[in-house]
Amino acid sequence: MVEQTMMTIADAQAHVTGRLARIALEYAAIYGRVVPLAREPGFGEDAWAPLEALIAVDEFERVGLQKEVMDWPAYRAALTAFARSGDWEGTFRRVTELGELVFLELGERLTKGGRVTEINSLSVFEFDEADKIRHLDIYVQQEPAPA
């Protein structure tokens with residue numbers, strides 16, 4: 001299944017039909033709902049519980065932009081630190097579901113310290129037999145930083 005357009009993640013959730021593609025979109029939607037909560041008192045790692053429900057916690061591995069590898073506890077801590085330091089907005093571009101893999105392309109806007117960075121991201125989700133995310137690879141395109 002391949003679907004391409006520029007729309008909100010919520011609109012994409014209403015249109016995408018693939019079982020695993022819908023889970024990948026739910027991951028992005030949860031991310032978008034949790035990041036703004038970081039400005040509220042008492043925000044902590046427990047805020048990611050809805051995301052954790054999608055994760056195969058014991059075998060999860062995320063490989064990031066610098067090829068850094070994180071398990072779920074390390075990634076949850078990194079998500080919490082990011083949410084406390086900036087804002088995130090995602091726009092759906094395209095999703096492809098192939099077997100146990102989902103390729104999700106987003107346009108992302110990251111705001112940190114008043115600086116806005118726009119990136120194109122590709123997240124490759126690998127699912128286990130229980131439809132939980134066991135592996136996540138992140139790829140990004142962005143303009144070079146100003147000199």
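In this predicted model, Leu104 has many partners beyond its immediate sequence neighbours. Leaving aside residues within four places in sequence, Leu104 is in contact with Ala24, Leu25, Ala28, Phe92, Arg94, Val95, Ser121, Leu122, Ser123 and Phe125. Three of these names, Ala24, Leu25 and Ala28, recur among the buried residues of α2.

Leu104 also belongs to the largest nonpolar core, which holds 40 residues. Within that core, the residues touching the most other members are Tyr27, Trp48, Leu104 and Phe125. At least two core residues come from each of α1 (9-15), α2, α4 (72-85), β4 (87-98), β5 (101-112), β6 and β7. Helix α2 gives the largest share, with 11 residues. In soluble globular proteins, nonpolar side chains tend to be buried together.

Helix α2 covers residues 19-34. Its 16 residues should span 22 Å at 1.5 Å a residue. The end C-alpha atoms lie 23 Å apart, so the two values agree. Buried positions run along this helix: Leu20, Ala21, Ile23, Ala24, Leu25, Tyr27, Ala28, Ala29, Ile30, Tyr31 and Val34. Tyr31 has a relative accessibility of 13% and therefore counts as buried, the cut-off being under 20%.

Aromatic rings were examined next. The count comes to eight aromatic pairs. One of them joins Tyr31 and Phe82. This pair is stacked, with 6.4 Å from centre to centre and 20° between the planes. Tyr31 lies in helix α2 and Phe82 in helix α4, so the pair ties together parts that are 51 residues apart in sequence. The rings of Phe125 and Phe127 have centres 6.3 Å apart and planes at 20°, so this pair is stacked too. Phe125 and Phe127 are both buried. Phe125 is also a contact of Leu104. A single aromatic cluster is formed by Tyr31, Trp48, Phe82 and Trp88. Trp48 in this cluster is likewise among the core residues that touch the most other members.

Glu129 presents another setting. This residue sits in the loop between β6 (115-127) and β7 (133-142). Its relative accessibility is 73%, so Glu129 counts as exposed, the cut-off being over 50%. Ala28, by contrast, is buried in α2. Glu129 and Ala28 are 101 residues apart along the chain, and their C-alpha atoms are separated by 21 Å. The strands on either side of the loop, β6 and β7, each supply at least two residues of the core.

How values were computed: Residues numbered from 1 in each chain as written. Predicted model: local features only at pLDDT ≥ 70, side-chain atom pairs only at ≥ 80, totals over all residues. Heavy atoms only, no water. Helix = DSSP H or I, 4+ residues; strand = E, 2+ residues; numbered from the N terminus. Buried < 20%, exposed > 50% of the residue type's maximum accessible area, 1.4 Å probe, protein only. Expected span 1.5 Å × (residues − 1). Core = buried A, V, L, I, M, F, W, Y, C linked by side-chain atoms within 4.5 Å. Contact = heavy atoms within 4.5 Å. Phe/Tyr/Trp six-rings, centres within 6.5 Å; stacked < 30°, edge-to-face > 60°.
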